[in-house]
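Hi there,

Here is the structure I promised to pass on to you. Have a look at it first, and my notes follow below.

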Amino acid sequence: MRVVDMHCDTILELLSRDLKGKEASLYSNDLSIDLEKMKKGNYLLQNFALFTDQKELAIPEQQTMRLYDEYCTQMDKYADYIAPVYTFSDIEKNDKEGKLSSLLTLEDGGVCFSDLAMLRNYYRMGVRMIALTWNYENGIGYPNLSMKDMNGNRPNYKRSVDTERGLTEFGISYVKEMERLGMIIDVSHLNDAGFYDVLKYTTKPFVASHSNARSICNVARNMSDDMILQLAKRGGVMGLNFCGSFLADRDDHKSCVDDMVKHILYIKDLAGIDVIGLGTDFDGISCPLEIEDASMMDLLEEALYKAGLTQEEVEKIFYKNVLRVYKEVL
């Protein structure tokens, strides 16, 4: 089974190690994502996010550029094993050459600082997917979960969703420019009102790279039934998030395969198999994981077959649905 994963924060973790003077290798490490694990897990493509916490950094774009440098350094160092993709044909080319593919993303599109020239420059750098917000409001729109909603050291995931504040005027021009350029719009973290504005002001498929079903796990970061139906109607895809707090209400916050299957079966029955993909959030989540890393994705595959899904349905979830969107948009 091939694997396409729409979201991970591995580059951030590698950069953190570099800044501490430790050797950071994408080829082999103790994180959830490295080349050895991806090869063992039969990965076709991994999205790598450049994540910037704008409120915590004096010069946020410096962090983004450091992450980009780390990403380019790792791609250059291991060019025999993995190569960036800019168009859909690059994925096919890399696969024929026996290489993994890497797609560069931004997590928090606000690092464009309300300037479409910055957006176009990120496109020139190779960014092909952007999560419009993270957990802060920005010049584009508003998140469903804000860092203001902290309960002790943990976010208050059960806060009410925001159905009032949609995309800003700049945010509307931003998503239109993304479509024109051929960049994939990512609505994970975006609030409900913003989701419906993306639906209103765009025409192409978009994604929720790492979001689950709110009806199964009632947290603000997950998607309502209507949002899932509208995403499916547009031809988009939502990536299953492995964060335990987004899968089930467990005291230990553990990420369990059985809970993943519940979400997948619910979404399939609600909106069809074509809207489901994978967006693990590996190396960006700190909960206990039953699927600890990229080499263990067969555990989910086996569980889905046991639940009665066909080979074609499992293949759609693991890679075909996401590739369909990439082919149409990139």
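Let me begin with a lysine: the side chain of Lys-37 reaches the backbone oxygen of Asn-29 at 2.7 Å. Please keep in mind that this is a predicted model.

Lys-37 sits in helix α2, which covers residues 35-40. A second partner for its side chain is the side chain of Asp-34, with a polar contact of 2.5 Å. Is Lys-37 buried or exposed? Its relative accessible area is 13%, and the cut-off for buried is under 20%, so Lys-37 counts as buried. Leaving out residues up to four places away in sequence, Lys-37 touches Asn-29, Asp-30, Leu-31 and Ser-32, and also Asp-293, Ala-294 and Ser-295.

Now to two arginines that share a loop. Arg-214 lies between β9 (207-208) and α8 (225-234), and Arg-221 is likewise in the loop between β9 and α8.

Arg-214 has a relative accessibility of 11% and therefore counts as buried. What do the polar atoms of its side chain meet? One contact, of 2.9 Å, is with the side chain of Asp-192. Another goes to the backbone oxygen of Asn-222, at 2.7 Å. Asp-192 and Asn-222 also appear in the contact list of Arg-214, which sets aside neighbours within four places in sequence. Others in that list include Asn-144, Val-161, Val-219, Met-223 and Met-227. If you would like a distance to check in your viewer, try Arg-214 and His-263: their C-alpha atoms are 9.2 Å apart, with their positions 49 residues apart in sequence.

For Arg-221 the relative accessibility is 5%, so this residue is counted as buried too. Its side chain has a polar contact of 3.4 Å with the side chain of His-189. A polar atom of the Arg-221 side chain also lies 2.8 Å from the backbone oxygen of His-210. Both histidines are among the residues that Arg-221 touches when those up to four places away in sequence are not counted; the others are Leu-145, Ser-188, Ser-211, Asn-241 and Phe-246. With Leu-145, Arg-221 bridges 76 residues along the chain, and the two C-alpha atoms are separated by 6.4 Å.

Finally, the chain as a whole. The protein chain contains twelve helices and eleven strands. How does the radius of gyration fit the chain length? For 330 residues a compact globule would have a radius near 20 Å, and the value of 18 Å for this chain agrees with that. The C-alpha trace spans about 45 × 45 × 40 Å along its principal axes.

Of the 330 residues, 61% count as buried. The accessible surface comes to about 13200 Å², and carbon and sulfur atoms hold 46% of it. Where contacts join residues at least 6 apart in sequence, 70% of them link residues at least 24 apart. As for charges, there are 38 positive and 53 negative ones, and their mean positions lie 3 Å apart.

Happy browsing, and best wishes!

Key
Residues numbered from 1 in each chain as written. Predicted model: local features only at pLDDT ≥ 70, side-chain atom pairs only at ≥ 80, totals over all residues. Heavy atoms only, no water. Helix = DSSP H or I, 4+ residues; strand = E, 2+ residues; numbered from the N terminus. Rg over C-alpha atoms; globule rule 2.2 N^0.38 Å. Buried < 20%, exposed > 50% of the residue type's maximum accessible area, 1.4 Å probe, protein only. Contact = heavy atoms within 4.5 Å. Areas by Shrake-Rupley, 256 points an atom, 1.4 Å probe, with all protein chains shown as cover. Lys, Arg positive; Asp, Glu negative; His and termini not counted. Charge placed at Lys NZ, Arg CZ, Asp CG, Glu CD. Polar contact = N/O pair within 3.5 Å; in protein donor to acceptor, adjacent residues only side chain to side chain.
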